[in-house]
Every structure is written in C-alpha cells, then in structure tokens.
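Trainee: I'm new to this one and would like a close look at a single part. Could you walk me through it?

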There are 2 protein chains.
Amino acid sequence: MQKGETTPLYRKLIDDLKKLIEEGKYKQGELLPSENDLCKTYSTTRPTVRQALAELTNIGLITRQQGKGSIVAEPRRGLGILSVSGVTAGVGDQNLKTVILEKPVKQNWPQELLHQLSFEEQAAGCIFFTRLRNINNVPILLEETFLSDINLPRFTSRSLENRSFLKVLNEHYQVEVTGGEQKIWAVAADKNKSKLLRLKPGSPIVHMKRKLKTNVRDLNIYSWLYCNTENYYLDDYF
Amino acid sequence: MQKGETTPLYRKLIDDLKKLIEEGKYKQGELLPSENDLCKTYSTTRPTVRQALAELTNIGLITRQQGKGSIVAEPRRGLGILSVSGVTAGVGDQNLKTVILEKPVKQNWPQELLHQLSFEEQAAGCIFFTRLRNINNVPILLEETFLSDINLPRFTSRSLENRSFLKVLNEHYQVEVTGGEQKIWAVAADKNKSKLLRLKPGSPIVHMKRKLKTNVRDLNIYSWLYCNTENYYLDDYF
DNA sequence: TACGGATACATGTATATACAACTTTAATTT
DNA sequence: AAATTAAAGTTGTATATACATGTATCCGTA
C-alpha cells in the first residue's frame, strides 16, 4: 500500500471523513465538523482542511454551503453502475439473483466492440463471461462482459455468483471505475434473446454496448447488455 | 450576469483558460503556462492559480503532472451530453438540425417525473420546452425538457434554435452539469411518437427519463427522451 | 409577543511564503 | 561519446494570516 513512504495529511483527512460518512457516523443531511474544528483536531490550517473537503465535494459525498457548513449528501451509487428498478416498486436484494451462464474464460477479443483497443489490451488478451440477472425468478438482464487480463491474477477462478462483479474488482484488485461511454439502441428481440428473456419475439428490448474506464491503465470493461424493460427499467448514475 | 457585484479572480482565470483551450490557443497535449507564469500574468499568487487549475482538472479539461506542467486533455464531450451517432458513419454538425417544437414557457411541474422535487424547485416553478433533433432532415430524437426557474432571468425569451441548450446555460448563467441519473426503457412507438419520428407504429424506440444535476443549488434539468434507433444510436459519456 | 440588530460562527476568497518531489535540461566527469 | 551529476523549473504539500460574505442565534426594544 505504501507508495511514496508517507501519505499527505489532507489525504488522511479525506479517508477518515469518508470512512465516518460511510459508517454512518455522519448521516445524510447532517453537518460535518466545521473547518476550524477539523483544524484543531488534526493540528493543521484551513487551506489543508479545505483541500480535503473540496475533494469530498468533488466525489459527491458532501455539499457545502457558505455560512452553514459541510452537509453530508445523499448516498450515491458508484459511477456507471447499472441497476434494474421496478416501474412500480423498488427491487430489493432478496428477490434479485444473478446467474453465471458462462464462467470467466480467456478468449480472443470479439470484432464488434465498437471501441478501438489499445496495444496493451490486445496483447493481454480478453476475459469473457456471461451473466443473467433475474428478478423474482424472471430473467431481466443479459450481460456479456469482456475485459483485458491485466493485473488480475486468478480472476478466472473467482466466483461471481451472488456478488457484484465490480465489487470483486474493487476489493481484490483495487480497481475503480473512473468514467465510461455507452451506446444505446432499442431493438426487437430475436429468437434467441426472446427465449432467454422469456419475451414474445419482436418485443422491444434495450441493447447497450458500454465501455467502463478504470483507474488501472489499459484495464477497461466492455459489456453488451440486453434488457427486458416491460416491467422494469435500467437505472444509471454518472 | 452580475450576481454579487464582483466575480472572483480564480473564476476569471478559469473562464479565460477555458476559452483559450476551446479556441485552440492551447491544443491537446500541449502545456499551459506554468503556475508561476500565470501568477505574474494575473498579479496573484500560487494558491489562487492552483484553485483555478484544480477546477479545470475536475471538469476534465487538463491533466496535471508533477514536475512537468498542466497538459491539455483530449477534448471530451460535456458530462451527460447525449449525442446521436450513426451506426455506420459519424454524424457531423452540418447534417444535424435542432428544431424547437414548443418554445420555453413557464408551467406547472408534471406528475410523472420519477424524481422527488425539492421544496425550492417546486416553489420556483418549471420551464418547459420541446425539441426535435433531425439528422439529414430525418427526425431522430424527441426531447421534452423541464427545469426549475431559479436564477435564470430572461431564459424563456432566449433562442435555443441551432444552439446547444446546455451551452447557453453555461455561457449565460455559469451553469455546469455535475452529475445525473437516467432511467432507460425500450418501448413500442405509439401513434403520436411514430408519426413524429416517422416510424411504423410498434417500432422499438428508446425512452429515457433523465435528471441532470448542476453546480447551482436546486437547479436540475429533467428531460424525457424518445429516440428512433433504427439507423443511429444514443451515445453517452460519463 | 414580535421585530430588528448585534453577534458569533460558518464558508469563500486571497496574499505570502517555505520546502518537498518530480521532470527536463545543461554541465561535468569519466 | 557516454554516463553521471548538478541546476533550473515545475507541480505537490503545508503553514499562517486577513478580510469578505452568508447563516443562525440571542437579546433588547418597540
């Protein structure tokens, strides 16, 4: 973890406050300690404290208001994480099940990615897997995922069942999504897709090709999605 | 324009540099003047200059490298700006035309926004307008936009024809999009939409409801989109 | 009781400065 | 000529301070 011997003070402040917010010590709508309080606690000065608070503002954890203070913002889902929501009611974890149709394997890159691969990505090869998300035992979202095999030891043997793939990447490999790009169509379901998603052939489904960029060089996540949106919709934060 | 009499110096620096980059004075990959140079030019000190450069880094206009300088980043489309691209070829500006179907007017908020409005948003009232984007004179994207009427003097009388709505907001009111949320469906085109988009009734179209958050308190942009994706797709960066 | 103003406290903007760490270039040595 | 070293220039981190501006509170006065 130690990259340059020491971590800057403002970095420590960020990490501490982040942790306290995520742990619920400071809840949504509440105020963080004032800049001057933090100065005393950390034996530092306002510019340093402000550098930390500015960063927390940037990542959306707090908002700031002159004369009032630093307000904990509403919790936000991770960048570019797609979720499926019900049109009428929310979708809880209990009735959501993810099934791996094809386990992660090394294979060649597909042709129709619609994105230009870097040399390093091509050289590293491609990990591929397919998942199907079910809500109340009804298949809703078919997802084909491709990513470059860079700095991901033993990835193909990890279990993605019942775990968020992006969470695994983050916890085991410190990978974070920093941005992305997606292309969206509406298409009529073909025979294969309509069977998998239990729809009448010709039903409108959402098709997406997305590229998620990460903090790791040349590690991008490409995925092709097909979603039955008759009773649910795709939900997307950025 | 003048909200509090004076604009801060660091703000002026941001605007100046932004303009120079967008005008091509500083091109992609090139270095901006060093912090010390900027200090001399603007008769100020490094913390102030750094505040401006930090902002430019945040909005992705530059990257910074210790020991080297501020590097102009590759041009990126604005956050949350939807563009429409051809499946086979790119869509240039020349064959893209935006038509205002309904000019901006004050009206009541609609019911089915799918987002909870803040008290201030409700109180301020709603500006509404409808646009239709055409590519090669074929209507592709129908867009209904709602936003709260907060600090936007004379907005309803501004022309949005042939101009990016978000660009107008940015240039005249210093509004920047900081994040957002979108819900996506595929639906079959009803009679009205199929007529507007020149499709056979029942054709699959993409329907989105999006919320764009801005740097201005309680100013959010809500829009409902309907897109013909037979020959084009929606392109989205985050 | 209700209003108005003083006050305390919060963040916003800005100056001035110092040293650390990294990059590039130039000078020196081998 | 090549490798090493030194120097200059750049951004990164941090301290110390001052005043401006927005918010909330309390208290005295009408």
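Which phosphate oxygen distance links DNA strand D to an N or O atom in the side chain of Y10(A)?

Mentor: A quick note before the answer: this is a predicted model, where local features need pLDDT of at least 70, side-chain atom pairs count only at pLDDT 80 or more, and totals for chains, interfaces and linings use all residues. Residues are numbered from 1 along each chain as its sequence is written, chains are lettered from A and ligands numbered from 1 in the order in which they are written, and side-chain values use heavy atoms, with hydrogens and water left out.

Now, your distance: it's 3.1 Å from the Y10(A) side-chain atom to a phosphate oxygen of DNA strand D. Chain B joins in too, with a polar backbone atom of E35(B) at 2.8 Å from a phosphate oxygen and an N or O atom in the R64(B) side chain at 2.9 Å from one. As for the elements giving two or more residues to the surface near the DNA (a heavy atom within 4 Å), chain A has helix 1 (9-23) and helix 3 (46-58), while chain B has helix 3 (46-58), strand 1 (62-65) and strand 2 (69-72). Helices (H or I, at least four residues) and strands (E, at least two) are DSSP runs, numbered from the N terminus. Helix 3 of chain A gives the most, with 4 residues.

Of the 25 residues around DNA strand D, the ones that come nearest are L9(A), T44(A), Q66(A), E35(B) and R46(B). On the DNA side, 67% of the atoms within 4 Å of the protein belong to sugar or phosphate, and the rest to bases.

Terms used:
Polar contact = N/O pair within 3.5 Å; in protein donor to acceptor, adjacent residues only side chain to side chain.
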